[in-house]
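Work through the following exercises with the sequence and the model side by side, and try each task before reading its solution.

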Amino acid sequence: LGVASPSSSSSSSFSTAATYGATAYRRAVEIGAELYAGGELVALGSLLQAARAAAPSDALDPSHDAPALLFLQALRASANIAATAMEDAAKGGNLGGPTVSEALGLFFRAASGIPDAARARTLCSAGSLAGSGGNSLVGGGGADPLLQHLIKLLRGIMSGFPAAVAAAEDDAGAGLPLSRLEYYETLMLFFERLGCSAGAMQCAHAALYEVDGGVELEQQGQGREEEGGEGMTTPMQPTGGAGTDEEATDAGAEQRRRQRAARLWANLLQYALDLGQWRGAYATVLSVPGAEAQSAALRRLVAALCEPGDARGGAAALVSLPFGDRLPTVVRALEGRAAAAPLDVIPNPALMLHALHMSRGCPQNAAGAILRHARQL
């Protein structure tokens, strides 16, 4: 994995060293991918240690901070999440602990191998988004093809068919590299599979920032595919509906943005509820776009606060959350749960409703809630 030091007096030796550095980087990533797919985590750690020790002072050596190797290092760190879940919970609480923080930091640093939306649009227009097949050093501004392959491999492993899925995605998306939106969505599902809601929450947050650019890139990629297919059609085509087509395309893109964002907000709310981060969950509810979707999210929050046997302080949080003009929705949700819940359930929705009214200075409503509970008893 070493890189030959270039001679400053010879442009040919500079080119040779650069090519050798890229080849070593590519080979290290290929071997690392095979080791991770085979579950050889100890060998993967040794490989990464050797790659990072290969002449880190050499400007032509990409291995010390290359996106694909950072991604492999993050995968190696993530292998310890499940094993140290209890220890991390004790050290880091709801934040996930040092192991999760290390893995997330490496994953976020590896995202430098995927151009942001503005840069990707420029490269896509120039036809250079996919890079040069992995033979160039990282830093040219395009997408790192080795990182793209690792992401597709991870998707395949999560689906249960690593080799087949990775090969199929490589063939189908050779000219359409994954966007940062897809990158963070993949990592969100990865942490969710590990049972790490804290890591999944951070990735969902990052994905939300990339929705607009990611959907736009997907639409641009679909347009390029359609333009490629139009070359096989007959030259006699009507052009009178161009404006209508553009409006339909914009409307479809806006709908995809809303659907993608709504799904991410729903995931983010679920992760906050899993962690018992009630204030964070309520902040997520307020951020959900659309009145109906927001009301549905608020009912999900109330249901989690009333979860039978839950000892994470849901009842106390219900009294302290600043519901404001959303209080009627919360009251109706609690009344429905109080009517259907067993009388001896803890926490009891009827008593929670009584406490909620009392905390809002409404003793008459509180008396009505406790009276209905008394009649049930």
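**Exercise 1.** In this predicted model, find how far apart R27 and E30 lie along helix α1, and decide whether E30 is buried or exposed or something in between.

*Solution.* Begin with the helix: R27 and E30 both belong to helix α1, which covers residues 11-37, and because they are 3 residues apart there, about one helical turn separates them. Next, look at the contact itself, where R27 and E30 form a salt bridge whose closest N and O atoms are 3.4 Å apart. Finally, E30 has a relative accessibility of 32%, so it counts as partly exposed.

**Exercise 2.** Determine which helices are linked by the salt bridge between D212 and R257, and compare the accessibility of the two residues.

*Solution.* First, the side chains of D212 and R257 meet in a salt bridge with an N to O distance of 3.9 Å. This pair links distant parts of the chain, since D212 sits in helix α11 (residues 211-230) and R257 in helix α12 (residues 242-275), 45 residues apart. As a last step, D212 is exposed, with a relative accessible area of 52%, whereas R257, at 19%, counts as buried, because the cut-off for buried is under 20%.

**Exercise 3.** Classify the accessibility of R326 and of D325, the partners of one salt bridge.

*Solution.* The closest N and O atoms of R326 and D325 are 3.3 Å apart in their salt bridge. R326 has 27% relative accessibility and is therefore partly exposed, while D325, at 64%, counts as exposed.

Technical notes. Residues are numbered from 1 along each chain as its sequence is written. This is a predicted model: local features need pLDDT of at least 70, side-chain atom pairs count only at pLDDT 80 or more; totals for chains, interfaces and linings use all residues. Side-chain values use heavy atoms; hydrogens and water are left out. A salt bridge is a side-chain nitrogen of Lys or Arg within 4 Å of a carboxyl oxygen of Asp or Glu. Helices (H or I, at least four residues) and strands (E, at least two) are DSSP runs, numbered from the N terminus. Buried means under 20% relative accessible area, exposed over 50%, partly exposed in between (1.4 Å probe, protein chains only).
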